[in-house]
Structure formats: structure tokens, C-alpha cells
Amino acid sequence: MDRPLHSVRTRLDDFLAELATLQYRHGAGLSSEPPSLHASFPELSSPDTFIAANEALAKARAKEDTLAVRRIQLLRELVATHVEEALAARAARAVVDLESKAVLTVDDQTYAFAEALGRLPREPRRARRAGLERAVGNFLWEHRGAYGDRREAALHTAERLGATDYPALRQDVTGIPYADLAKAAEETLRRTEDAYRDVLAYVLKKVDPLLKPLPGGDARRHDVQAALLAPWMDEHLRREDAWPAVVRWLTEWGFTPHADGRIRLDEEDRPGKSSRPFVVTVRVPDDIRLVLQPRGGLDALGSLLHELGHAQHRAHVSATLPMELRRLGDAGITEAHAAVFERLLLSPEWLKRYLDLGPALARDTARLAAFQALAVLRRHCAKLSYELSLSRKGASTERADEYADGQRRALFAEPHPGFFLSDVDPQLYVAHYLRAWALEARLTARLTERFNEDFWRNPPAAAWLKGLYARGGTDDAEGLATEISGTPLALPEAGERLVAILNR
């Protein structure tokens, strides 16, 4: 049974490089064809390969071979993911085709689906924004069968791989204790509720003086989305200033934007290019693609810092690691490293030094960044319990009420229930985000403790981070948190840190 596992290991690096290249070309606007290579590498998405990985893992554990155990664990998780993606391929393609042909009408204007979705939070007129949300939500509801087919692939995967249900499968391959994390998410929602609601009332008034959050007001999710963009800050965070400021910061800290040529920047403006920056890893660590789409504003700057964190992490993985430890890893760790960069927006001193903001403006900007982070954290806390339920019970219309109830409670705004099958992270990736934000709080606390509050301009702090980056997929989020802090991950503490910034 070792033969399929050997075949996967032999071909995997080249396959992932080819897949990443296709993903880059599609996202960068160089190709309209969605990336798909499952048919060319059937062993990767074969249940037989998963069985072989189970057997190999048992042997490695019996021999107490820690390195082999970690390599097989990562490979096994990847195989489970690709089994699901192969089972979902037809449904996913149907959704892509459906969305590419959709034409949505709002008042007197027509929009392509992606155009309407992208414009929704940026539309300044509330009535038009409501029309866009209604058009998109109604479209998703009318075509919920197609989106439901994609979600049903998760249930089929659990059955094919012999798990009792889908969360049990993902817990088996990732080691994430979903029930414990869901309890922590509920506690985070409870502890952050008052602070979030109070600041939400303030930012909604910045969008529309008459807007109020639920239950006393009539705010909808599109209002929260508009408020999170903080358009009133755009004049202070211009796109032409952002990249030079970030380059100056990186250089001063001890990084370089290109990582000695390992990071390739795509800054060209072209039709079809993703509206948000993103990273693809063609070869680790030597060919990392960072695709930029310069935009102004607080949200855009946060996205830029986040993706830079991903790129720097992957570009500093040790080239001498085994393929699995270079290529694969706990997604919570790479998301945490990205969040460390993004959370610099919580530092008024960083904002003053690199963006030349005055003291009062820097303090207000940091509080707005904390509110953005808290809103996203709360939304994902609600998504976790919902997605666990969805992946156990299936994509019935009853889940729409469950989705809306969770988002309403988290955001204090009314969501459109039509989003219940599209606003879902595959492979329960929402759990990786939550663990990443908990780990980021530990990493930032450790950086502050060792290198002071301005660690972000202290080269030894950058060297310490590069040492963590070099370890690639060796660590898991829980183990790394315990190593650097002596305590396990604690999601509610990440929320309380944001609340403390809001209360300054």
C-alpha cells in the first residue's frame, strides 16, 4: 500500500508548482480559465492514497519517528483535502459557470455577479447598496441547489474516507479540537459584545447619521461592510503613499520587499486582476508571487500587510527541509505570521512613524483597525458553529435561518439569508483563522516582551521571526503557542486585546 504514497511524494512538488502557476495567472488577470489539475494527478485525490497514509502513519508512530510522523500527517491532510476537491470539482465548476453568466439588475443598471459583489461594500448610497445586496442574495438563494452540491461534497468525502462525519474527518487530519474551539468562539463573542456594539454605533453614524445597530436600529450587513472600509479615512491613507511607506518599514526592520529575489511582485494594472492582493507559492522558498492591486484606505493597507506577511514567511522557509515541511504546514501558522504584519495597524507609533499621521489621527486609526479586526473575529466565531452544523447536517434550507441567526448575533446587523451556502470556508478553514488570531496575540506579546513595543523596527526581532519562518511545516499552532508563551492558545484573549485598544 506504500506505492500510491510514494507516487504522490515523487510528483507533489512539481504538481503544486504547476497548480500555483495556474492560480497566479487566473488571479492576476492573465487567464480566464479557473485552475484545475485533479484529473492529471489522480493519486493525490484517491481514497487508496489516504489509506496508505494511515498505514504509514501508524508505522511511523510505532517507531517513534517524530519527523516521519509530521511529514505523513501533513501529506495525509493534503490528500483528504484533494479527495474532497475532486468530488466537488463538477459542482464547483457549475458555480463558476453560473456566476460568470449572471447578470443582476439593480434599479436601472445591470451588473455582472463579481462586479456587484465587489461594488456592494463600496457603494456610498445606502439605497443602491441595499439593492446590490438584495440582488446578490436573491441570486444565491435562487441557485442554492448549485452551491449546496458543493457543500454536499464534504459529507461525501467523510463517507468515502471512513469518518463518522465531516468535522470528525477534519479533526483527525488537522488535530484541531473543533468542539473546544467552538466553545472558545462562543466565549469570545460574549466577552467582546459590549465593546463591539458601542463602537459599531459610532462607525455606523459615520456612514449614515440615522443608522443604528440591531436590535433597536435597522442596520444591515451591507452597512457594516461599508463602515468597516472607513471611507472617511481614505484621504489620510492614500494608495500612492502606502507602498513607499511599507518598503521603508520593511527595510528598516531587516526585511526586503523582494527577499533577495525570492518574492516576485506583480504590480501591473490589468483587466481581470483580483481587486485584493494575494500570494501564491510556486516554489518554496525560491518563487513566491505577490500580486498587488494598489488601493487606498485602511482596509487596503491591512490587506497589503497581511499578504506581505504570507510572502515573507514562505520566502524564508529553509530550503533544506524535506518537501512536505517546505510545502505544507498548519495553515493557522502562516495565517498568524500574516496577522502579525497586519496587526501593526493597531500601533499608533507605527502609524506615526511610517505614514506620518499626527498623534490624534494615529490613535483614531489604530482604534478603527481594532474595530475592523474585532468585527472580522466575531463574524468568524459565528461562522465556526454554523459551518460545523452545515457540514454535519447538509445544505438544507433550515441552515439559512441558522446562518442568519449567527451573523445577526455577531454583527448586530441583519444579513441576507441567501448567502448561507456561499459564505462558507472550504475544509473548515474558518478554524485556522481563529487559531491564527489567537497565535498572533501570543507572537506579538512575545515580540513585545523580548524586543520592546517598537519591535517592528528592531532588526533582532525580524531575525527572530525569520528563525520561526525557517521551520516551515515543522510546528503546529498549539505547539508553537506553548513554546513561545508557556500557555496554549486562548481565543478569548485575542478578542480582549482588541477590546482593550477600543477602550483606550
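These are notebook entries on cavities, cores, a long-spanning helix and backbone exceptions that I looked up in a predicted model.

**Entry 1. Cavities**

I began with enclosed space. The structure holds two cavities of 30 Å³ or more. The largest contains about 130 Å³ of space, and the second largest has a volume of about 60 Å³.

I then listed what surrounds the largest cavity. Its lining consists of 14 residues, and those that lie nearest its centre are R151, A154, Y166, S391 and V424. Two elements, α6 (144-160) and α15 (359-393), each give two or more residues to this lining. The largest share belongs to α6, with four residues. Sorted by class, I recorded seven nonpolar, two polar and five charged residues.

The second largest cavity was treated likewise. I noted R343, A373, L377, W437, E440, A441, A494, G495, R497 and L498 as its lining. Here α15, α17 (429-451) and α20 (491-502) are the elements that give two or more residues. It is α20 that provides the largest share, four residues. By class, this lining divides into six nonpolar, one polar and three charged residues. I recorded that α15 is named for the largest cavity and again for the second largest.

**Entry 2. Nonpolar cores**

Which residues have the most contacts inside the largest nonpolar core? I found L12, W249, F341, W350 and L384 in that position, within a core of 137 residues. The largest share of this core, 14 residues, comes from α15. Apart from it lies another core, of 22 residues, which includes Y111, Y147, Y386 and V424. One of these, V424, I had already written down among the residues nearest the centre of the largest cavity.

**Entry 3. F341 and W249**

I took F341 from the list above for a separate check. F341 is found in helix α13 (residues 331-342). Is F341 buried or exposed? Its relative accessible area is 0%, so I entered F341 as buried, the cut-off being under 20%.

I next looked up the contacts of F341, leaving out residues up to four places away in sequence. F341 touches W249, L250, W253, F255, L305, L308, G309, Q312 and Y469. For W249, with the same exclusion, the contacts are L305, F341, L344, W350, Y354 and W456. L305 therefore stands in both lists, and F341 and W249 touch each other. W350, a contact of W249, is also one of the residues with the most contacts inside the largest core.

I also compared sequence and space for one pair. F341 and A382 are 41 residues apart in sequence, and their C-alpha atoms are 25 Å apart.

**Entry 4. Helix α15**

Since α15 had come up repeatedly, I checked its geometry. With 35 residues at 1.5 Å a residue, α15 should span 51 Å. The C-alpha atoms at its ends are 51 Å apart, which agrees with the expected span.

How many of the residues of α15 are buried? I recorded 25 of the 35, so α15 is largely enclosed by the rest of the structure. Just after α15, G394 takes a positive phi of about 95 degrees.

**Entry 5. Cis peptide bonds and positive phi**

I kept the usual backbone pattern in mind for this entry. Most residues other than glycine have a negative phi, and most peptide bonds are trans.

Two cis bonds were noted, and each leads into a proline. The bond from L214 to P215 is cis, with omega near 5 degrees. P215 lies in the loop between α8 (178-207) and α9 (221-228). The bond from V284 to P285 is cis as well, with omega near 10 degrees. I placed P285 in the loop between β4 (278-283) and β5 (287-291).

I then turned to residues other than glycine with a positive phi. For D260, phi is about 55 degrees, and D260 belongs to the loop between α10 (239-253) and β3 (263-266). For F412, phi is near 55 degrees, and F412 lies in the loop between α16 (398-411) and α17.

Which of the words buried and exposed applies to D260? D260 has a relative accessible area of 68%, so I entered it as exposed, the cut-off being over 50%. F412 has a relative accessible area of 11% and is therefore buried, being under 20%.

Key
Residues numbered from 1 in each chain as written. Predicted model: local features only at pLDDT ≥ 70, side-chain atom pairs only at ≥ 80, totals over all residues. Heavy atoms only, no water. 1 Å grid on protein atoms, 1.4 Å probe; cavity = no way out; pocket = protein on both sides within 12 Å on 5 of 7 lines; lining within 4 Å. Points joined across faces, edges and corners; volume = space filled by probe spheres on them. Nonpolar A, V, L, I, M, F, W, Y, C, P; charged D, E, K, R; others polar. Buried < 20%, exposed > 50% of the residue type's maximum accessible area, 1.4 Å probe, protein only. Contact = heavy atoms within 4.5 Å. Core = buried A, V, L, I, M, F, W, Y, C linked by side-chain atoms within 4.5 Å. Expected span 1.5 Å × (residues − 1).
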